[in-house]
Amino acid sequence: CQLFWHCYLIKHTVTGTLLAKKIITRCIQKKITLCGAESCTGGLVSSILTKIPGCSQVFKGSIVSYANAAKIALLGVPETILEHYGAVSEHCAEAMALGAAEKFNADIAFAVTGIAGPEGGSSAKPVGTVWFSLYVQHHILTQGIPRKKTWKCQFTGSRLAIQKQSALELLQALLIIISDE
């Protein structure tokens with residue numbers, strides 16, 4: 001069992017690193033800057049991106065806003081969104097991405113918020129519920145690319161597995177958006 005888990009983590013770390021290398025390379029080529037806001041992943045996406053040499057040319061930074069107070073204070077997420085929809089919601093993910101874009105003045109901002117578990121889920125939002133959002137600034141828009149894209153995934157597994165699946169999902173989406181640009 002431990003060998004399987006070790007191989008699983010290595011496979012996903014390598015996959016994440018390969019995605020990150022493609023993202024950073026394309027951003028450098030296209031002169032696109034990135035930033036992020038992470039909650040349930042605790043900075044994992046940013047950690048994967050910053051493993052790539054040269055990332056400082058395009059990755060401006062990220063904010064890990066795990067607590068609601070941090071989402072409000074650091075990203076400008078309206079308190080009403082958190083009260084009405086909760087931190088694990090489409091509205092919160094969008095507000096986090098917009099807040100990061102404004103804070104870092106980057107071309108593309110990503111956000112991720114969810115319930116990694118093993119506790120904290122409910123029937124409406126079970127463990128593994130994760131919301132993602134990408135915010136793209138107007139000046140780099142091309143036909144067919146939305147200004148913002150928000151979506152939800154339902155993952156399974158341990159806390160770490162959910163965090164890694166979330167990071168890979170977001171990296172894959174970033175690569176698609178940057179490749180389509």
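Visitor: What percentage of the 181 residues of the chain count as buried?

Guide: The model is a predicted one. A residue counts as buried when its relative accessible area is under 20%. Of the 181 residues of the chain, the share that meets this criterion is 49%.

Visitor: Which pattern does the chain follow when read along the sequence?

Guide: The chain has 6 helices and 5 strands. Taken in sequence order, these elements give the pattern α-β-α-β-α-α-α-β-β-β-α.

Visitor: What percentage of the contacts with a separation of 6 or more comes from residues 24 or more positions apart?

Guide: A contact here means heavy atoms within 4.5 Å. Among contacts in the chain with a separation of 6 or more, the share from residues 24 or more positions apart is 67%.

Visitor: Which residues have the most contacts inside the largest nonpolar core?

Guide: In soluble globular proteins, nonpolar side chains tend to be buried together. In this model, the largest nonpolar core has 36 residues. Those with the most contacts inside this core are Ile23 and Leu49.

Visitor: Which elements give two or more residues to this core, and which of them gives the most?

Guide: The elements that give two or more residues to the largest nonpolar core are helix 1 (2–30), helix 2 (44–49), strand 3 (108–114), strand 4 (129–136), strand 5 (148–154) and helix 6 (159–180). The element that gives the most, with 10 residues, is helix 6.

Visitor: How many residues are in the second, separate core?

Guide: This second core is separate and includes Ala95, Met96, Ala106 and Ala109. Its number of residues is 18.

Visitor: Is Leu49 buried or exposed?

Guide: Leu49 has its place in helix 2. Its contacts, leaving aside neighbours within four places in sequence, are Ala20, Ile23, Ile24, Cys55, Phe59, Phe110 and Leu171. The relative accessibility of Leu49 is 0%, so this residue counts as buried.

Visitor: What distance separates the C-alpha atoms of Leu49 and Ile23?

Guide: Leu49 and Ile23 are 26 residues apart along the chain. Leu49 nevertheless touches Ile23. The separation of their C-alpha atoms is 8.2 Å.

Visitor: Why is strand 4 described as largely enclosed by the rest of the structure?

Guide: In a regular strand the side chains alternate between the two faces of the sheet. From strand 4, Thr129, Trp131, Ser133 and Tyr135 point one way, whereas Val130, Phe132, Leu134 and Val136 point the other way, and all are buried. Strand 4 is therefore largely enclosed, the number of its residues that are buried being 8 of the 8.

Visitor: In which sense does strand 4 pair with strand 3 and with strand 5?

Guide: Strand 3 and strand 4 pair over 7 bridges, and Ala109 stands opposite Tyr135 in strand 4. Strand 4 and strand 5 also pair over 7 bridges, with Trp151 in strand 5 as the bridge partner of Phe132. The sense of the pairing between strand 3 and strand 4 is antiparallel, and that between strand 4 and strand 5 is likewise antiparallel.

Visitor: Is the pair formed by the rings of Phe132 and Trp151 stacked or edge-to-face?

Guide: The structure holds 2 aromatic pairs. For Phe132 and Trp151, the ring centres are 5.2 Å apart and the planes lie at 15°; planes under 30 degrees apart count as stacked. Phe132 lies in strand 4 and Trp151 in strand 5, so the pair ties together parts that are 19 residues apart in sequence. Both residues are buried, and their ring pair is stacked.

Visitor: Is the pair formed by the rings of Phe132 and Phe155 stacked or edge-to-face?

Guide: Phe132 in strand 4 and Phe155 in the loop between strand 5 and helix 6 are 23 residues apart, and their pair links distant parts of the chain. Phe132 and Phe155 are buried. Their ring centres are 6.3 Å apart and their planes lie at 85°, so the pair is edge-to-face.

Visitor: Which residue has its charged end over the ring of Trp151?

Guide: Trp151 belongs to a cluster in which ring pairs link Phe132, Trp151 and Phe155. The charged end that sits over the ring of Trp151, 5.2 Å from its centre, is that of Lys149.

Visitor: Which residue has its backbone oxygen 2.8 Å from a polar atom of the side chain of Thr113?

Guide: Thr113 lies in strand 3 and is buried, with a relative accessible area of 0%. The residues that Thr113 touches include Ser39, Lys71, Ala87, Ser89 and Trp131. The backbone oxygen 2.8 Å from a polar atom of the Thr113 side chain is that of Ala87.

Note on methods: Residues numbered from 1 in each chain as written. Predicted model: local features only at pLDDT ≥ 70, side-chain atom pairs only at ≥ 80, totals over all residues. Heavy atoms only, no water. Core = buried A, V, L, I, M, F, W, Y, C linked by side-chain atoms within 4.5 Å. Buried < 20%, exposed > 50% of the residue type's maximum accessible area, 1.4 Å probe, protein only. Helix = DSSP H or I, 4+ residues; strand = E, 2+ residues; numbered from the N terminus. Pairing = 2+ DSSP bridges. Phe/Tyr/Trp six-rings, centres within 6.5 Å; stacked < 30°, edge-to-face > 60°. Lys NZ or Arg CZ within 6 Å of the ring centre and 35° of its normal. Polar contact = N/O pair within 3.5 Å; in protein donor to acceptor, adjacent residues only side chain to side chain.
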